[in-house]
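Welcome, and thanks for opening the viewer. Keep your selection tool handy, and we will walk through this structure one stop at a time.

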Amino acid sequence: MIKKKKKLLAVDILFMILLIAVDQITKFFAVVNLKDQNPWVLWNGVFELQYLENRGAAFGILQGKKVFFVLISMIVLIAIGYILIKTPYQKKYTKLHITLVFIASGAIGNLIDRIRYDYVIDFLYFRLINFPIFNVADIYVTLSAIMLAILLLFAYKESDLEFLFWK
C-alpha cells in the first residue's frame, strides 16, 4: 500500500474517532440531563430533546433483536473497511471516503450502545411530524446513505468502481 494511501486511511480513522466521540458525548449528555426527566422543548410543537432507550430499529421495529443488529453492523463495517482499503488514492473518491466514514461512525456509535447497554440511546424528536426519536449516529447513517445513493447513481460510472471486484 502506498504511503499516501496509508495517510488517507489514518485520516479516515481519526475522523471516524472524532465522529464517534461526538455521538457518544451527545448520548452521555442525554442520559445525564434527560433520563427520567420531562422533555426539553426547544421549539414548542416542533422539536424537543426526549430520552428514549431504543431496543429496536427505526419506528420501533425488531425490538430486542440485539444479536441481529450487532451482526448486521459487523457485516456493514467489514464491507466499509474493505471498500476504504480498496479505493484508489484519487481525488474523485474523496466524497466516497467521507460518506463511508460517516456511515461507519454511525454504525459504530449505535453498536457501542447496543453492546454496552442492550439498547441505543435516542433523544432528538421532531414532534411536528411525529418522527421517531433518533440520535446523532442515526443522522450520520441516514444522510450518508442518501449521499452514497446519489454518488452511486450520478457521480460514479460503473468503471469507476471496478476496483471493488476481484479480477
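Let's begin with a pair of aromatic residues: select Phe47 and Phe126, which are bridge partners, with Phe126 sitting in β3. As you look around, keep in mind that this is a predicted model.

**The strands**

Now widen the selection to β2 and β3. These two strands run antiparallel and are joined by six bridges. Next, add β1, residues 40-43. β1 also runs antiparallel to β2, and three bridges connect them. To see one of the pairings in that part, pick Val41 and find its bridge partner Glu48 in β2.

Follow the chain from β1 into β2 and you trace a hairpin with three residues between the strands. Click on Gly45 in the turn: its phi is positive, about 75°.

**The whole fold**

Zoom out and colour by secondary structure. You should find four helices and three strands. Going along the sequence, they come in the order α-β-β-α-α-β-α. The C-alpha atoms fill a box of roughly 55 × 30 × 30 Å along the principal axes.

How much of the contact network joins residues at least 24 apart? Among contacts between residues at least 6 apart in sequence, the share is 69%.

**The core**

Time to go inside. Of the 167 residues, 38% are buried. Select Leu84, Leu96 and Phe123: they have the most contacts inside the largest nonpolar core, a set of 35 residues. The elements giving two or more residues to this core are α1 (3-34), β2 (47-54), α2 (66-86), α3 (94-117), β3 (120-126) and α4 (136-155). Which of them gives the most? That is α3, with seven residues.

Stay with Phe123 for a moment and show what is around it. Setting aside neighbours within four places in sequence, its contacts include Thr26, Lys27, Ala30 and Leu34. Also in contact with Phe123 are Glu48, Leu49 and Gln50, and the list continues with Ile133, Phe134, Asn135 and Val136.

**The surface**

For the last stop, switch on a surface view. The accessible surface comes to about 10600 Å², and 70% of it belongs to carbon and sulfur atoms. Then colour the charged side chains: there are 19 positive and 12 negative ones. How far apart do the centres of the two sets lie? The separation is 11 Å.

Note on methods:
Residues are numbered from 1 along each chain as its sequence is written. This is a predicted model: local features need pLDDT of at least 70, side-chain atom pairs count only at pLDDT 80 or more; totals for chains, interfaces and linings use all residues. Side-chain values use heavy atoms; hydrogens and water are left out. A nonpolar core is a set of buried Ala, Val, Leu, Ile, Met, Phe, Trp, Tyr and Cys residues joined through side-chain atoms within 4.5 Å. Buried means under 20% relative accessible area, exposed over 50%, partly exposed in between (1.4 Å probe, protein chains only). Contact means heavy atoms within 4.5 Å. Accessible areas come from the Shrake-Rupley method with a 1.4 Å probe; for residues, only the protein chains shown count as cover. Lys and Arg count as positive and Asp and Glu as negative; His and the chain ends are not counted. The place of a charge is taken as NZ of Lys, CZ of Arg, CG of Asp or CD of Glu. Two strands pair if DSSP finds at least two bridges between them.
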